[in-house]
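Colleague: I have not looked at this one before. Can you put it up and walk me through it?
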Amino acid sequence: MNIPKITKIIESKREATDIKTITFHYPEEIESGQFFMVWMPDVDEIPMSVSYINGDIKGITFRKIGDATSALYKLKPGNKIGIRGPYGNGFKIQGKHILFVGGGTGVAMLAPAAEEAVKNSISSTVVIGVKNKSELFFEKRLKKCGAKVIISTDDGSVGYKGFASDAAKEILKKEKIDAVLTCGPEMMMKTLLDCCKNISFQASLERYMKCSIGICGQCCIGKGLRVCIDGPVFDGKTLKNVKDFGVYRRDSAGRKIQF
Ligand SMILES: Cc1cc2nc3c(=O)[nH]c(=O)nc-3n(C[C@H](O)[C@H](O)[C@H](O)COP(=O)(O)OP(=O)(O)OC[C@H]3O[C@@H](n4cnc5c(N)ncnc54)[C@H](O)[C@@H]3O)c2cc1C
Ligand code: FES
């Protein structure tokens, strides 16, 4: 399981500015919230959450930001990549009404979770928060699956003008929500945690990863929690005791980077 399996890209689809989904054949079972390590020889190996689960076909959705994601962006159907995993834990999809809050590319990994919730007859509202209209993706996909979709943009170019956390707060005031599931900028997730005093809460965290199997210690948060195997999804009770949540992360050399 910890050796990359070589697989061919089936489809490469542009979703929005600098954002693409690639799908590939990978029969291993995976839960929404879990991630793969994606290897491009001579470039890098990076963590990527699953964004599509369709039998033997899986997908990842990513923004082009550096060497590895730019290399992934250029790949075409038929090109090969190495995949290992799945790693980490998945979301617990429970309750009568779940509010999903995705900031930026965070909505990519929430989409399969929302689809699963709808399939299990759980009312699902998804807030997709992006900077502007050109970064919006997965709106149609989520509406099609039966979720209620609320868009928020920082510049007001579409939907609610403001942060996804503010749009979510309005929903929390009006509706009876049993659980909040979120992925996105950590400040946004921290704001949401502070609003969820009596509501079940799960957030997916990103930390620099090397081994992804709990050995190197690169992804530690709080008092020895490893995001790669204890997460990446953590519940609110755990996160309330993690002092670095929403405050800082560490780079590849272990240096603190403030959010
Ligand atoms: C569990 C997990 C799931 C993720 N899922 C997604 C996803 O679904 N879509 C998506 O667009 N991005 C996702 N990311 C982030 C993605 O892994 C990084 O953006 C990517 O590694 C950047 O690589 P790069 O070479 O293009 O950029 P670089 O220029 O090397 O780095 C850009 C940023 O990415 C971070 N980064 C670089 N390498 C790693 C690494 N090995 N581990 C963690 N962070 C790294 C850097 O700290 C920096 O902040 C996920 C990260 C984690 C930890
Ligand atoms: S990445 Fe090595 S312990 Fe998590």
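Modeller: Let me begin with the core, and note that this is a predicted model. The largest nonpolar core has 66 residues, and V38, F100, L110, A114 and V126 touch the most other members.

Colleague: Which element gives the largest share of this core?
Modeller: That is α2, with eight residues.

Colleague: And what is V38 in contact with, leaving aside its neighbours within four places in sequence?
Modeller: V38 is in contact with E45, I46, M48, I60, L72, I81 and I83.

Colleague: Now the sheet. What is the strand order in the open sheet of seven strands?
Modeller: The order runs β11-β10-β9-β8-β12-β13-β16, and the pairing is mixed.

Colleague: Which are the edge strands?
Modeller: β11 (160-161) and β16 (233-235), each of which pairs on one side only.

Colleague: How many bridges join β9 to β10?
Modeller: Six, between residues 123-130 of β9 and residues 148-153 of β10, and the two strands run parallel. One of the pairs to look at is V127, whose bridge partner in β10 is I150.

Colleague: Where does α2 pack?
Modeller: On the sheet, where α2 touches β8 (97-103), β9, β12 (179-183) and β13 (200-204). The direction of α2 makes about 165° with that of β8.

Colleague: Changing topic to the ligand. Which residues come nearest to ligand 1?
Modeller: There are 24 residues around ligand 1, and I46, F62, G66, A68 and T69 come nearest.

Colleague: Which elements supply at least two residues of that shell?
Modeller: β4 (44-49), β6 (57-63), α1 (67-74) and α2 (106-119) each do so. β4 gives the most, with five residues.

Colleague: What is the shell like by class?
Modeller: Around ligand 1 there are 13 nonpolar, five polar and six charged residues.

Colleague: One more residue, D67. Where is its place?
Modeller: D67 is in helix α1.

Colleague: Is D67 buried or exposed, and why?
Modeller: D67 is exposed, because 11 other C-beta atoms lie within 10 Å, and a residue with 12 or fewer counts as exposed.

Colleague: What is D67 in contact with, neighbours within four places in sequence left aside?
Modeller: V43 and D44. V43 is 24 residues from D67 along the chain, and their C-alpha atoms are separated by 7.1 Å.

Definitions and conventions. Residues numbered from 1 in each chain as written. Chains lettered and ligands numbered in written order. Predicted model: local features only at pLDDT ≥ 70, side-chain atom pairs only at ≥ 80, totals over all residues. Near = placed C-beta within 6 Å. Helix = DSSP H or I, 4+ residues; strand = E, 2+ residues; numbered from the N terminus. Nonpolar A, V, L, I, M, F, W, Y, C, P; charged D, E, K, R; others polar. Core = buried A, V, L, I, M, F, W, Y, C linked by C-beta atoms within 7 Å. Buried ≥ 20, exposed ≤ 12 C-beta atoms within 10 Å, placed from the backbone. Contact = placed C-beta atoms within 7 Å. Pairing = 2+ DSSP bridges. Axes fitted to C-alpha atoms, helices over the stretch in contact; angles between N-to-C directions.
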